[in-house]
Each structure stands twice: as structure tokens, then as C-alpha cells.
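Trainee: Could you take me slowly through a single part of this model, and then show me how that part sits within the rest of the chain?

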Amino acid sequence: MLMTAFGGLMWLIFTAMLVLAVVALVMAGLAREDAYRAADKQNKVFWLIILGITVAVNLLVPMLFLQIAGLIATIVFFVDVRPALRQVSGGGRGRRGGSSSDGPYGPYNGGR
């Protein structure tokens with residue numbers, strides 16, 4: 001029974017790694033090529049190849065070492081590359097032309 005639970009947990013972890021890699025691959029594909037250059041990151045083709053290999057390894061090669069290496073590449077994309085691309089592309093969350101003194105409910109006027 002313990003081995004069945006462990007196998008189920010491992011399946012869940014591997015599935016989560018695959019889903020993360022697929023999402024990262026799609027996001028890398030949707031970003032503009034010039035945004036990668038402007039953000040001073042590797043080019044779009046590089047990330048598509050790395051993340052595509054990660055998806056293929058997760059689907060075809062059940063080797064934990066390669067899957068962990070792909071997970072690290074996916075995490076680097078989400079933590080480093082994607083925020084830089086969003087900053088360069090102007091894709092900030094909730095910043096649609098407001099000033100830096102705007103609060104969540106409108107402009108902050110300092111109690112005046």
C-alpha cells in the first residue's frame with residue numbers, strides 16, 4: 001500500500017513538471033523575439049529549444065536526472081526570463097497608464 005501511494009505521488013510530481021514545462025514553452029513561444037534582446041536574455045529560439053527538450057524528456061525519457069535538469073530550466077524561465085520579458089513588453093499587472101502615486105482605488109492625494 002505504501003508503494004502504491006508513493007507511485008501515485010511520483011506520478012503527480014512528474015505530471016506537474018510536465019504541465020509547468022508545457023506552460024513555459026507556450027509562454028516562450030508567445031513572447032516577441034525583440035523582447036528577448038531588449039531584456040538582455042538568450043534569444044527566443046534558445047528558450048524554445050531548451051523548453052521543447054524539457055517537454056520531450058518529461059514525455060519520453062523517464063530519467064529523473066534529466067527531468068530535474070529540465071525543471072531547473074523551467075524555473076529559470078519563470079523566475080528570471082518571463083518577468084524581464086513582461087517588464088520590457090509593458091505587460092505589468094494592473095499598471096494601465098496610472099501614475100506611481102495611484103493606489104488600488106484611485107490616486108492617492110495625501111489626505112488633501
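Mentor: Let us begin with one pair of side chains, those of lysine 41 and aspartate 80, which meet in a salt bridge with N and O 3.0 Å apart. The two residues are 39 apart in the sequence and belong to distant parts of the chain, since lysine 41 lies in the loop between α2 and α3, while aspartate 80 lies in helix α4. Please keep in mind throughout that this is a predicted model. In general, side chains of opposite charge can pair when their charged atoms come close. Lysine 41 counts as partly exposed, with a relative accessibility of 25%, and aspartate 80 is likewise partly exposed, at 38%, because the partly exposed class covers values between the 20% below which a residue is buried and the 50% above which it is exposed.

Now look at the helix that carries aspartate 80. Helix α4 takes in residues 64–89, which is 26 residues, and it spans 35 Å from its first C-alpha to its last, close to the 38 Å expected. The helix has a kink of about 35°, centred on phenylalanine 77, and Phe77 is also one of the buried residues of α4, among them Thr74 and Val81. Just after the helix, glycine 90 adopts a positive phi of about 80°.

The pair we started with is part of a set of 3 salt bridges found in the whole structure. In another, arginine 37 pairs with glutamate 33, and their closest N and O atoms are 3.7 Å apart. These two residues are 4 apart in helix α2, and therefore about one helical turn separates them. As a general rule, an α-helix has 3.6 residues a turn, so residues three or four places apart point the same way. Arginine 37 is exposed, with a relative accessible area of 56%, whereas glutamate 33 is partly exposed, at 29%. There is also a salt bridge between the side chains of aspartate 34 and arginine 32, at 3.0 Å from N to O; aspartate 34 is partly exposed at 36%, and arginine 32 is partly exposed at 45%.

Finally, step back to the chain as a whole, which has 4 helices and 2 strands, arranged along the sequence as α-α-α-α-β-β. Of its 112 residues, 21% count as buried, and among the contacts between residues at least 6 apart in sequence, 60% join residues at least 24 apart.

Definitions and conventions:
Residues are numbered from 1 along each chain as its sequence is written. This is a predicted model: local features need pLDDT of at least 70, side-chain atom pairs count only at pLDDT 80 or more; totals for chains, interfaces and linings use all residues. Side-chain values use heavy atoms; hydrogens and water are left out. Buried means under 20% relative accessible area, exposed over 50%, partly exposed in between (1.4 Å probe, protein chains only). Contact means heavy atoms within 4.5 Å. The expected span of a helix is 1.5 Å times one less than its number of residues. The bend at a residue is the angle between axes fitted to the seven residues ending there and the seven starting there. A salt bridge is a side-chain nitrogen of Lys or Arg within 4 Å of a carboxyl oxygen of Asp or Glu.
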